[in-house]
Amino acid sequence: MMSRLDQLTRAAKYIREADAILVCTGAGMGVASGLGTFRGIAAGIWPPLEKRGLEFPQLSNPDWFDKSTDPSTPTLQNAGFGYAFWQFRYNAYTQGPTSVPHEGYNIICNWINQKKSNNEELKGGFSCTSNIDGMWRRSGIDKDQIFEVHGSVEFMQCVKRCEDIYETNPEDWKMQINEENDCALPPFPQCPGCKKLARPNVMMFGDWGFKSERIEAQQDRYEEWINKFYNSDLKLTILEIGAGIAVPTIRKISENTCSSIGDNCSLLRFNPEYPNFPSNFDSKNSMSFTDPSVDLLREIDEILNKK
């Protein structure tokens with residue numbers, strides 16, 4: 001069995017030898033910034049969820065925008081409850097100390113920027129994330145090298161899908177909250193075109209009204225980039241951090257990519273709760289770690305800086 005130092009040294013070797021880094025992140029990446037995850041040991045999104053016996057998918061749902069906008073309506077039939085939920089999330093993700101990329105983002109961005117200087121075409125790496133917090137856009141990575149698979153709270157769309165996707169106006173998320181029923185009070189965010197309700201451009205559960213043009217453009221850029229590693233001598237290291245199993249989008253992307261590229265790809269999984277790989281996953285270059293991701297990234301960075 002390898003010692004901890006040997007494991008970290010091996011991980012550092014994969015990063016050093018890679019031509020580029022694909023960083024795949026789930027909700028666990030935000031824990032070091034003070035953000036809660038949806039489930040598991042770091043769970044904690046919005047207090048009224050537990051207070052009213054609701055699960056996260058019940059609030060992250062577009063049906064709320066079809067409910068009554070009358071402030072006197074009971075909470076669970078009131079659109080204001082949904083808007084209060086999204087206001088809480090928008091402010092947690094984009095305002096105050098929890099909106100600042102933590103040390104782990106900085107370390108990864110430095111690695112990517114160093115590799116960018118060696119191969120301008122690959123731009124050092126790509127971020128593929130299920131997080132909607134916009135953190136990678138604020139981290140210093142090239143914005144064309146980000147694929148936000150579920151969208152971002154930093155963008156809005158019309159509930160009726162009538163207008164283009166547009167950047168969020170922070171003033172839209174300063175609604176007053178009725179503390180008795182936990183509902184936001186009108187006026188709610190409005191589409192600049194038709195003046196009907198607006199909502200985050202985020203793919204929610206059961207979301208047939210999501211406007212996908214923005215993430216489709218990101219996906220096109222990502223696929224053009226990742227295709228460079230297939231049937232080539234280029235080496236790729238995948239850093240998968242904080243990706244859960246309830247909605248395993250990110251885990252599947254990292255595992256499938258590593259398996260498809262083969263020997264020239266390594267996968268480093270950082271996950272305190274779900275570190276294991278599936279039984280049908282075959283990659284001799286895969287490793288998993290259960291320590292806090294920022295600690296691991298810092299220690300690997302120290303090893304890289306010694307060489």
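1. Asn231 counts as exposed in this predicted model, because its relative accessibility of 86% lies over the 50% cut-off. The residue sits in the loop between helix 6 and strand 9, and its phi is positive, at about 55°, although Asn231 is not a glycine.

2. A second non-glycine residue with positive phi is Arg161, where the angle is about 65°. Arg161 belongs to the loop between strand 4 and strand 5 (166-167); with a relative accessible area of 38%, Arg161 is partly exposed, since that class covers the range between 20% and 50%.

3. The backbone also holds a cis peptide bond, which joins Pro186 and Pro187 with omega at about 10°. Pro187 is placed in the loop between strand 7 and strand 8, and both of those strands, strand 7 (183-184) and strand 8 (198-202), are among the elements that each supply at least two residues of the largest nonpolar core.

4. That largest nonpolar core has 30 residues, and those with the most contacts inside it are Trp46, Leu59, Tyr83, Phe85 and Trp86. Besides the two strands just named, helix 3 (56-59), helix 4 (79-94) and strand 4 (151-158) each supply at least two of its residues, and the largest share, 8 residues, comes from helix 4. Leaving aside residues up to four places away in sequence, Leu59 touches Trp46, Leu49, Leu54, Trp64, Phe81, Gly82, Phe85 and Trp86. A second, separate core of 29 residues includes Leu8, Tyr14, Ile108 and Trp136.

5. How are the strands of the open sheet ordered? The sheet has 6 strands in the order 3-2-1-9-10-11, with parallel pairing. Strand 3 (146-148) and strand 11 (286-289) stand at the edges, and because each has a single partner strand, one side of each is left without a neighbour in the sheet. Neighbouring strands are turned against each other by 15° on average, with direction ignored. At the end of the order that holds strand 11, 4 bridges join this strand to strand 10 (residues 265-270), the two running parallel, and Leu268 stands opposite Met287 in strand 11.

6. Two helices that touch the sheet deserve a separate remark. Helix 6 (residues 213-226) packs on the sheet, where it touches strand 1, strand 2 (125-129), strand 3 and strand 9, and its direction makes about 135° with that of strand 3. Helix 1 (residues 4-17) lies across strand 1 (20-25), strand 9 (236-241), strand 10 and strand 11, and runs at about 130° to strand 11.

7. Helix 5 (residues 103-116) and helix 8 (residues 293-306) pack at an angle of about 35°, their axes being 9 Å apart, and the crossing of helix 5 past helix 8 is left-handed. From helix 5, the residues Glu103, Gly104, Ile107, Ile108 and Trp111 meet Val294, Leu297, Arg298, Ile300, Asp301 and Leu304 in helix 8. By type, the residues of this contact divide into 7 nonpolar, 1 polar and 3 charged. Ile108, one of the residues in this contact, is also included in the second core.

8. Is Lys51, in helix 2 (residues 47-51), buried or exposed? Lys51 counts as exposed because its relative accessibility is 54%, which is over the 50% cut-off. Not counting residues up to four places away in sequence, Lys51 touches Glu179 and Asp182.

Note on methods: Residues are numbered from 1 along each chain as its sequence is written. This is a predicted model: local features need pLDDT of at least 70, side-chain atom pairs count only at pLDDT 80 or more; totals for chains, interfaces and linings use all residues. Side-chain values use heavy atoms; hydrogens and water are left out. Two strands pair if DSSP finds at least two bridges between them. Axes are lines fitted to C-alpha atoms, for helices over the stretch in contact, and angles run from 0 to 180 degrees between N-to-C directions. Contact means heavy atoms within 4.5 Å. Buried means under 20% relative accessible area, exposed over 50%, partly exposed in between (1.4 Å probe, protein chains only). A crossing is left-handed if the near helix is turned anticlockwise from the far one by less than a right angle, and right-handed if clockwise. Ala, Val, Leu, Ile, Met, Phe, Trp, Tyr, Cys and Pro count as nonpolar, Asp, Glu, Lys and Arg as charged, and the others, Gly among them, as polar. A nonpolar core is a set of buried Ala, Val, Leu, Ile, Met, Phe, Trp, Tyr and Cys residues joined through side-chain atoms within 4.5 Å.
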